[in-house]
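Reader: Before I rely on any labels attached to this model, I would like to see the reasoning behind them. Could we go through them one by one?

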Amino acid sequence: MMMAGQVPEALPVAAWPVEAVVVPLARPLARTLLGMGVETKSGIALGRGATITLWPTLGDLADPDTRVAFEQAVEALFADPTTRPDGVVVDAHPDMVSTLVGRRLAALHDLPVLVVPHHRAHAAAGMAEQGLTESLALAFDGMGWGEDGRLWGAELLHLHPGGCERLGTFAPAPLPGADAAVREPLRQLVGRLVGAGVELTPAWQARHGLDATTAAVWVRQCRQGINAPLSHAAGRLFDAFAAWLGVAPACITHEGEPAIRLEAVARLCTDPALAPTLPFTRRENGRMLVIDWGETFRLPQPFAVAEAVKAAWAWAFHRAVADAILALVDHGVRLTGLRDVVSSGGVFMNRLLRELLWPPLQQRGVVPWLPRRVPVGDGGIALGQVYAATGMGVGAF
């Protein structure tokens with residue numbers, strides 16, 4: 001467990017568990033509860049007695065062999081009287097394979113189904129490792145089904161045994177082509193530019209190898225909401241800025257590739273003091289603070305610039321995201337008085353972001369908790385599902 005004042009940069013950050021992780025609870029559960037996890041980093045967790053056990057990630061359930069192995073693992077729990085669950089917890093996304101399997105088995109065994117939204121589960125997973133029953137939480141990832149049915153992924157949450165309140169987020173941006181935009185970062189950049197009111201001139205299209213017809217289709221999708229869902233996700237912001245800076249691939253070959261490239265370029269910055277300042281705006285909507293990145297994407301876009309200049313821009317982006325997160329945390333602390341902040345979601349695999357974020361958080365008297373044994377990404381979702389469904393481990397269900 002990380003102690004207050006300890007900088008976690010030297011500590012390992014779990015991408016996925018290689019062996020079962022057992023998390024103790026404050027009180028024994030009245031019933032046994034099974035968390036079904038999610039799809040691309042599938043894993044299951046069982047809350048039984050005074051512990052929750054999270055098993056190693058199996059892989060992507062889109063792969064037929066992985067799905068078979070996943071279903072066999074779950075069915076084995078049902079077949080064993082000592083592990084047979086009394087309830088099943090699933091993600092809010094209705095078409096996720098793990099959700100469908102969980103609902104099918106729950107119906108087969110006449111069990112209740114509990115739904116824990118994606119980012120609440122992310123936050124709860126980090127809280128479970130530290131034994132926290134109330135905390136502020138930063139849930140930053142590539143995106144997931146939010147509590148309002150939209151795509152979240154840059155969330156400041158307040159979790160407690162009574163529920164969850166969303167206190168902050170990034171303003172949403174359209175993803176023209178939906179899943180295709182995740183694979184092709186240039187689509188995401190177009191969504192950001194359209195949202196910021198920037199014209200895609202013929203010269204801009206030529207620089208990016210985009211023909212006029214395709215550009216017009218993507219712009220129309222964004223403006224009219226045609227197969228262009230809105231996403232709040234921080235991971236998508238990284239993708240769009242990587243494309244803006246010219247360091248993103250035309251089509252990604254692995255998850256998080258644009259963000260990984262962007263961090264690598266930022267590491268080449270030799271004098272951060274000379275890096276530009278990237279602007280963002282803040283607006284309050286009731287108790288929720290919204291960070292809008294439109295001003296950054298209205299800046300003149302660099303193109304074919306020296307590598308040293310790109311490095312400075314990339315470093316500036318990481319600093320801007322850290323500053324935006326600090327604004328969210330300040331807002332949450334002011335509203336709740338809490339000083340514990342759990343960070344979860346794949347965006348926090350970014351080491352540079354953590355280096356820029358942790359010291360100022362600690363200077364504010366905030367204790368930043370980062371998962372170590374529990375995966376910081378989707379591999380820990382099943383644990384968070386169970387922990388949230390049981391009232392943050394205080395025995396309710």
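Author: What follows is a set of questions about such labels, each answered by setting a value against its cut-off, and the model itself is a predicted one.

Reader: Why is glycine 163 called buried?

Author: The relative accessibility of glycine 163 is 14%, and buried means under 20%, so the residue counts as buried. Glycine 163 has its place in strand S9, residues 163-170, and, leaving aside residues up to four places away in sequence, touches Arg120 and His158.

Reader: What makes strand S7 largely enclosed by the rest of the structure?

Author: Strand S7 covers residues 135-145, and eight of its 11 residues are buried, so the strand is largely enclosed by the rest of the structure.

Reader: How do you know that S7 pairs with S8, and which way do the two strands run?

Author: Pairing requires at least two bridges, and eight bridges join S7 to strand S8, residues 151-160, so the two count as paired, in the antiparallel sense. Within this pairing, glycine 144 stands opposite tryptophan 152 of S8, while in the hairpin, which has five residues between the strands, glycine 149 takes a positive phi near 85°. S7 is also joined by four bridges to strand S14, residues 340-344, with which it runs parallel, and there alanine 139 has serine 344 as its bridge partner.

Reader: What makes phenylalanine 241 and phenylalanine 297 an edge-to-face pair?

Author: Their rings lie 6.4 Å apart, centre to centre, with 75° between the planes; since pairing asks for centres within 6.5 Å and edge-to-face for planes over 60 degrees apart, the label therefore follows. Phenylalanine 241 belongs to helix H8 and phenylalanine 297 to helix H10, so the pair ties together parts that are 56 residues apart in sequence.

Reader: Why, then, is the pair of phenylalanine 241 and phenylalanine 317 called stacked?

Author: Here the centres are 4.4 Å apart and the planes differ by 10°, and planes under 30 degrees apart count as stacked, so that is the name the pair receives. Phenylalanine 317 lies in helix H11, 76 residues from phenylalanine 241, and both of these phenylalanines are buried.

Reader: How do you know that arginine 166 lies over the face of tryptophan 152?

Author: The distance from arginine 166 to the ring centre is 3.7 Å, against a cut-off of within 6 Å, and the rule also asks for a position within 35 degrees of the ring normal; arginine 166 is accordingly listed as lying over the face of tryptophan 152.

Notes
Residues numbered from 1 in each chain as written. Predicted model: local features only at pLDDT ≥ 70, side-chain atom pairs only at ≥ 80, totals over all residues. Heavy atoms only, no water. Buried < 20%, exposed > 50% of the residue type's maximum accessible area, 1.4 Å probe, protein only. Contact = heavy atoms within 4.5 Å. Phe/Tyr/Trp six-rings, centres within 6.5 Å; stacked < 30°, edge-to-face > 60°.
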